[in-house]
Amino acid sequence: MLPDYRSLDPALVAQLRQLKLGPLCDVLPERLAQARAKGMDPADFLAVILTDELERRRTNAASLRAAKAGLAPDMVLDQWDQHTAAQHDRTLLAELMTLKFVDRHEHVNILGPVGVGKTMIAHGLGHIASQRRLSVALYDSCKLFAQLKVGRVDGTHLATMRGLVSVDLLIVDDFALHPMDAAATVDFAEMVKERHRKRSMILTSNRDPSEWLGMMSEPLLAQSAVDRFSNAAHDLILEGPSYRANQKPRRTRP
């Protein structure tokens, strides 16, 4: 049984909490036992417990950024192969996971039929970006353009657009799933124009970019936006059956 913080001197516990190092109380007894068993140098011991605390803070900060971004906590790329049998370019996905495309202000276009894992990859890349202290925002396409439309009435449109164009990585899920009216087309064109060669975007879509124009109003704006985005984007194409078939409930045999 591992030692718990009750084995520590209460005065030490109070001092750690006063210094906002209270979480160390959970790991310190175990680390002390290891240090005594190994005859660890005090400086090495101090480095170990400070590393523990720094890692805890890094993990917590990344989790907070991911939650603020709207990323699902269980949609991480470590689980990718367990959740889908979709065929995809593994070399390209591995390169995207380095986030070099973000450094180069390039985009990612994740295409494929329903249920192959497009959303999961988008969330997974968002989590990697959050862990690297980048600002991320993920939106469902329909909800985003509905929010922007309401913003034209309640006065929040400009502030929302500023956030959309300034975040390091903007992820829009299920893009062009439904027809886009003139306001949505204008907003999309503005996002793409303002982020072009400045910041990165990830779009997921069931439709090929050649089909997007038919889903948008304002043909000239639509063509300009699609051209800008497509020619600055990596295309990750997923093919195969829906992984959701593997999640279908099964009867329990008596």
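Arg104 is a suitable place to enter this structure, a predicted model, and with a relative accessible area of 40% Arg104 is partly exposed, because a residue counts as buried when that value is under 20% and as exposed when it is over 50%. Arg104 has acidic partners on two sides: it forms a salt bridge with Glu106, where the closest N and O atoms are 3.1 Å apart, and another with Glu95, where the corresponding separation is 3.4 Å. Glu95, at 34% relative accessibility, also counts as partly exposed, and Glu95, Arg104 and Glu106 are thus described as a network of salt bridges.

The structure holds five salt bridges, and one of them joins the side chains of Arg152 and Asp187, with 2.6 Å from N to O. Because Arg152 lies in helix H8 and Asp187 in helix H10, this pair ties together parts that are 35 residues apart in sequence. The two partners can be set side by side by their accessibility: Arg152, at 42%, counts as partly exposed, whereas Asp187, at 2%, counts as buried.

Asp181, in the loop between E3 and H10, is the next residue to look at. Its relative accessible area is 31%, so Asp181 is partly exposed. The side chain of Asp181 makes a polar contact with the side chain of Lys149 at 2.4 Å. When residues up to four places away in sequence are not counted, Asp181 touches Lys149 and Ser217; the C-alpha atoms of Asp181 and Ser217 are 5.4 Å apart in space, although 36 residues separate them in sequence.

The loop between strand E3 (169-173) and helix H10 (182-195) also holds Phe175, and with it the text turns to aromatic rings. A pair of aromatic rings is described by the distance of the centres and the angle of the planes. There are three aromatic pairs in the count for this model. In the pair of Phe175 and Phe188, the ring centres are 4.5 Å apart and the planes stand at 35°, so the pair is tilted. Since Phe188 belongs to helix H10 and Phe175 to the loop, the pair ties together parts that are 13 residues apart in sequence. Both Phe175 and Phe188 are buried. Phe175 also pairs with Trp212, here in an edge-to-face arrangement with 4.9 Å from centre to centre and 80° between the planes. This second pair links distant parts of the chain, for Trp212 sits in helix H11 (residues 209-215), 37 residues from Phe175.

The accessibility values for these two residues are 1% for Phe175, which is therefore buried, and 0% for Trp212, which likewise counts as buried. Ring pairs link Phe175, Phe188, Trp212 and Phe229 into a cluster. Leaving aside neighbours within four places in sequence, the contacts of Trp212 include Phe175 and Phe229, together with Asn109, Leu111, Leu203 and Val226 among others.

In soluble globular proteins, nonpolar side chains tend to be buried together. Here the largest nonpolar core has 28 residues, of which Phe175, Phe188 and Trp212 touch the most other members. Helix H8 (141-154), helix H9 (157-166), E3, H10, strand E4 (200-205), H11 and helix H12 (219-230) each supply at least two residues of this core, and H10 gives the most, with five residues. A second, separate core of 26 residues includes Ala66, Val102, Leu138 and Ile202.

Leu138 appears again among the contacts of His123, which, apart from neighbours within four places in sequence, also touches Gly70, Leu71, Ala72 and Met75. His123 is found in helix H7 and, with a relative accessible area of 6%, is buried. A polar atom of the His123 side chain lies 2.9 Å from the backbone nitrogen of Ala72. Helix H7 as a whole is mostly covered, with 12 of its 14 residues buried; among them are Met120, Ile121, Leu125 and Ile128, as well as Lys118 and His127.

The length of H7 can be checked in a simple way: at 1.5 Å a residue, the 14 residues of this helix (residues 118-131) should span 20 Å, and the end C-alpha atoms are 20 Å apart, which agrees. H7 is followed by Arg133, whose phi is positive, near 65°.

Conventions
Residues are numbered from 1 along each chain as its sequence is written. This is a predicted model: local features need pLDDT of at least 70, side-chain atom pairs count only at pLDDT 80 or more; totals for chains, interfaces and linings use all residues. Side-chain values use heavy atoms; hydrogens and water are left out. Helices (H or I, at least four residues) and strands (E, at least two) are DSSP runs, numbered from the N terminus. The expected span of a helix is 1.5 Å times one less than its number of residues. Buried means under 20% relative accessible area, exposed over 50%, partly exposed in between (1.4 Å probe, protein chains only). A polar contact is a pair of N or O atoms within 3.5 Å; within protein, one must be able to donate a hydrogen and the other to accept it, and residues adjacent in sequence count only if both atoms are side-chain atoms. Contact means heavy atoms within 4.5 Å. Rings of Phe, Tyr and Trp (its six-membered ring) pair if their centres lie within 6.5 Å; planes under 30 degrees apart count as stacked, over 60 as edge-to-face and the rest as tilted. A nonpolar core is a set of buried Ala, Val, Leu, Ile, Met, Phe, Trp, Tyr and Cys residues joined through side-chain atoms within 4.5 Å. A salt bridge is a side-chain nitrogen of Lys or Arg within 4 Å of a carboxyl oxygen of Asp or Glu.
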